[in-house]
Amino acid sequence: MLNNFTLAINSISLSETKQAGISLTMVRADSIHPLASGNKLYKLQPNIDYIKQHAYQQVLSFGGAFSNHIYALALYSQSLGLQSIGIIRGEPEYARNTTLSVAARSGMKLVFVDRATYRLRHNKDYLQALQQEYPQAFIIPEGGSNHLALQGCSTLMRQINKSYQKKQAKIPDVITTACGTGTTFAGLVTGAKKDQSVRGYLILKDKSVHTHVNELLKNTLDDSLHSIEAADFGGYAKFNAELLDFILNFLAQTNILLDPIYTSKMCRQLVQDIRSGKFKKNTHIALLHTGGLQAWHGMKDKVIQLRGDEAWDKIITKL
Ligand SMILES: *Cc1c(COP(=O)(O)O)cnc(C)c1O
């Protein structure tokens, strides 16, 4: 499905960074599917190819109750007639939320586990026991973050460059992505051209991302060219009025809705980086919109509580 895909690209202009002489474009991996994260689909594609080649009947993975990966996996598996199983952290009550009810409606079997069990998701014995329980299933780690996913994100980077070339536009000097596990970042690094720099924005406090990236790249990361910056603004899924105002302001200026967990924090930190002079004049920076818009469905009460119904209306009309 994603082989030879042309990604939409938008020029964006923000009043906050006008003075800096930087050229900004946004790569719309969010537009591949209305709600599933674009980067998750790229991460899944080589996994799906592998599953088909090896004739697995099922696919099993892990996630929290609002997981973009679980959501994308459920929808993608359904479209292929593959049975999906989601090992979900938390209580069965969560099955009523939008993320998980869409997943269940797409045919995903939801298995709720307590936090202690969920912590075992990378443990060899636990994975072996799961494999015995689901002998037909191919197991994908949380966030879809394996070596196959790395290939998918490498493809994504090459398609990004091709998409600029098709528009006869200059390919970006810098490409930015939000980082959770860092797999997308690592894949972009492997797919980038020689002088292109990839800049990741880490939206959680977990430092193990560096270990994971080094593992995926076999310690070949050139850190004079590529970097991972902190952009957690208080931690994973921490959402407040300041971030919401940033998102609404970005929407008003660009007509592009960011997601509440990943791309919003990346953009917010990037704006600060531009303002503080981290980039040379005339640098062309491409911001990767990885998607994740489905997460807004879990934020309705919070948005209304912070900035009222009017703010929520602006968001919901873009979903
Ligand atoms: C999962 C996700 C990311 C992070 O991807 P990693 O490969 O885990 O670093 C970024 N943006 C969105 C919207 C996501 O859903």
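A polar contact is a pair of N or O atoms within 3.5 Å, and within protein one of the two must be able to donate a hydrogen and the other to accept it. Keep that in mind during this tour, which goes through a predicted model.

**First stop: Gln159**

Select Gln159, which you will find in helix 6, the helix that runs over residues 147–166. Now add Tyr42 to the selection and show both side chains, because the side chain of Gln159 and the side chain of Tyr42 make a polar contact at 2.6 Å, a distance that falls within the 3.5 Å cut-off. Is Gln159 buried or exposed? With a relative accessibility of 5%, Gln159 counts as buried, since buried means under 20% relative accessible area. To see what is around Gln159, leave aside the neighbours within four places in sequence and select its other contacts, which are Leu2, Asn3, Asn4, Phe5, Leu7 and Tyr42.

**Second stop: the ligand**

Next, select the ligand, which sits in the largest pocket. The elements that give two or more residues to the shell around the ligand are helix 1 (38–53), strand 7 (174–179) and helix 7 (183–191), so colour these three if you wish to follow them. Which element gives the most to this shell? It is helix 1, with three residues. In total, 16 residues surround the ligand, and the closest are Lys40, Lys43, Thr181, Thr184 and Thr290.

Some polar atoms here deserve a look of their own. Select Asn68, where an N or O atom of the side chain is 2.8 Å from an oxygen atom of the ligand, and then Asn39, where a polar side-chain atom lies 3.2 Å from a ligand oxygen atom. At Gly182, turn on the backbone instead, for a backbone N or O atom of this residue lies 2.8 Å from an oxygen atom of the ligand. If you then show the surface, bear in mind that the ligand on its own has 390 Å² of accessible area, and that the protein covers 98% of it.

**Third stop: Leu14**

Finally, select Leu14, which is found in the loop between strand 1 (9–12) and strand 2 (23–28). Leu14 has a relative accessible area of 4% and is therefore buried, as this value is under 20%. Which residues is Leu14 in contact with, once its neighbours within four places in sequence are left aside? They are Leu24, Phe250, Gln253, Thr254 and Val271. Add Asn249 as well: Leu14 and Asn249 are 235 residues apart in sequence, while in space their C-alpha atoms are 9.4 Å apart.

Notes
Residues numbered from 1 in each chain as written. Predicted model: local features only at pLDDT ≥ 70, side-chain atom pairs only at ≥ 80, totals over all residues. Heavy atoms only, no water. Helix = DSSP H or I, 4+ residues; strand = E, 2+ residues; numbered from the N terminus. Buried < 20%, exposed > 50% of the residue type's maximum accessible area, 1.4 Å probe, protein only. Contact = heavy atoms within 4.5 Å. Near = heavy atom within 4 Å. Areas by Shrake-Rupley, 256 points an atom, 1.4 Å probe, with all protein chains shown as cover. 1 Å grid on protein atoms, 1.4 Å probe; cavity = no way out; pocket = protein on both sides within 12 Å on 5 of 7 lines; lining within 4 Å. Sits in = over half its atoms within 2 Å of the grid points.
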